[in-house]
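Q: I would like to learn how to read a protein model, feature by feature. Please give the idea behind each feature and then the case at hand.

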Amino acid sequence: MEIPAINLKAILVVHWFLTVCGCITSLPPSYLAANFSVLAVGVWAMAQRDSVDAVLMFLVGLLLTIVIDIIHFATLYPLQFPGGDLFRFCVGMAILSLLLKPLSCFFVYQMYRERGGEYNINFGFPTVTQNRDTYQSIDQQAQPDHSDKPFIQGDNQKHAVLSY
């Protein structure tokens with residue numbers, strides 16, 4: 001079963017619409033700044049179609065805004081509705097945006113892999129590898145095989161008597 005390809009523009013437009021609807025009333029400016037800055041990185045990823053770094057930064061930004069949105073809703077959501085349908089609509093759109101972000105992260109990760117991203121993410125820390133299959137040892141030199149002639153010693157091919 002193949003994963004359907006979702007356009008990056010569709011992801012950006014949906015999250016932009018939900019963020020704008022969520023910011024009409026009573027959500028803090030930090031919610032607005034976090035989500036719109038990630039959407040700006042998404043526009044950068046859309047503009048540079050070959051950039052792996054732009055898509056990776058958009059993916060990391062989406063993952064971080066999931067955590068930030070959960071913190072916003074947990075700490076700033078009032079226990080009693082301050083009033084009205086407009087507030088409930090705005091919070092509902094922000095929660096819908098939060099619920100769609102993991103799905104968006106999955107599709108952005110697929111785009112990251114399509115653009116040539118690796119499965120393992122390298123943060124630039126040096127690593128030590130123990131794979132030495134491609135190296136040749138300089139300690140041991142190849143000796144000619146004289147197994148069929150046991151009395152020949154050395155490279156000059158002279159017959160000699162073996163001493164025990």
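The dialogue below goes from the overall fold to one helix, the core, two residues and a database record.

A: One thing before we start: this is a predicted model.

Q: Which elements does the protein have, and in what order do they run?

A: Begin with the list of elements. The protein has 4 helices and 2 strands. Read from the N terminus, they run α-α-α-α-β-β.

Q: How many of the residues count as buried, and what does the accessible surface come to?

A: Burial is judged by relative accessible area, with under 20% as the cut-off. Of the 164 residues of the protein, 29% count as buried. The accessible surface comes to about 12,100 Å², and carbon and sulfur atoms hold 62% of that area.

Q: What share of the contacts joins residues at least 24 apart?

A: Take the contacts between residues at least 6 apart in sequence: 70% of them join residues at least 24 apart.

Q: How should I read a single helix, say α2? What span does α2 reach, and where do its buried residues fall?

A: Start with the span. Helix α2 covers residues 29-47, which is 19 residues. From first C-alpha to last, α2 reaches 27 Å, close to the 27 Å expected at 1.5 Å a residue.

Next comes the pattern of burial. An α-helix has 3.6 residues a turn, so residues three or four places apart point the same way. In α2 the buried residues are Tyr 31, Ala 34, Asn 35, Val 38, Leu 39, Gly 42 and Ala 45. Seen down the axis of α2, these residues fall within an arc of 125°, so they line one face of the helix. The face turned away from that buried side carries the exposed residues Pro 29 and Ala 47.

Q: What covers the buried residues of α2?

A: The cover includes α1 (8-22), α3 (52-76) and α4 (84-114).

Q: How many residues are in the largest nonpolar core, and which elements supply them?

A: The largest nonpolar core has 23 residues. Each of α1, α2, α3 and α4 supplies at least two of its residues, and the largest share, 8 residues, comes from α3. Leu 8, Phe 58 and Val 108 have the most contacts inside this core.

To follow one of them, leave aside neighbours within four places in sequence. Leu 8 is then in contact with Gly 42, Ala 45, Met 46, Phe 58, Val 108, Met 111 and Arg 115.

Q: Is Phe 73 buried or exposed, and what is it in contact with?

A: Phe 73, in helix α3, is buried, with a relative accessible area of 15%. Beyond four places in sequence, its contacts are Leu 27, Tyr 31, Ala 94, Ile 95 and Leu 98. The C-alpha atoms of Phe 73 and Ile 95 are separated by 8.5 Å, with the two positions 22 residues apart along the chain counted as their distance apart.

Q: Where does Leu 86 lie, and what does it touch?

A: Leu 86 lies in helix α4 and is partly exposed, with a relative accessible area of 44%. Leu 86 touches Ile 24 and Thr 25, not counting residues up to four places away. Its C-alpha atom is separated by 9.9 Å from that of Gly 22, 64 residues apart along the chain.

Q: Which residues does UniProt list for "transmembrane region"?

A: A record should be set beside the model. The unreviewed UniProt entry lists residues 7-25, 54-74 and 86-109. In the model, residues 7-25 are 79% helix and 0% strand, with end C-alpha atoms 30 Å apart. Residues 54-74 are 100% helix and 0% strand, with end C-alpha atoms 30 Å apart.

Definitions and conventions:
Residues numbered from 1 in each chain as written. Predicted model: local features only at pLDDT ≥ 70, side-chain atom pairs only at ≥ 80, totals over all residues. Heavy atoms only, no water. Buried < 20%, exposed > 50% of the residue type's maximum accessible area, 1.4 Å probe, protein only. Contact = heavy atoms within 4.5 Å. Areas by Shrake-Rupley, 256 points an atom, 1.4 Å probe, with all protein chains shown as cover. Expected span 1.5 Å × (residues − 1). Arc of directions from axis to C-beta. Core = buried A, V, L, I, M, F, W, Y, C linked by side-chain atoms within 4.5 Å. UniProt positions renumbered as here; feature names shortened; annotations may be inferred.
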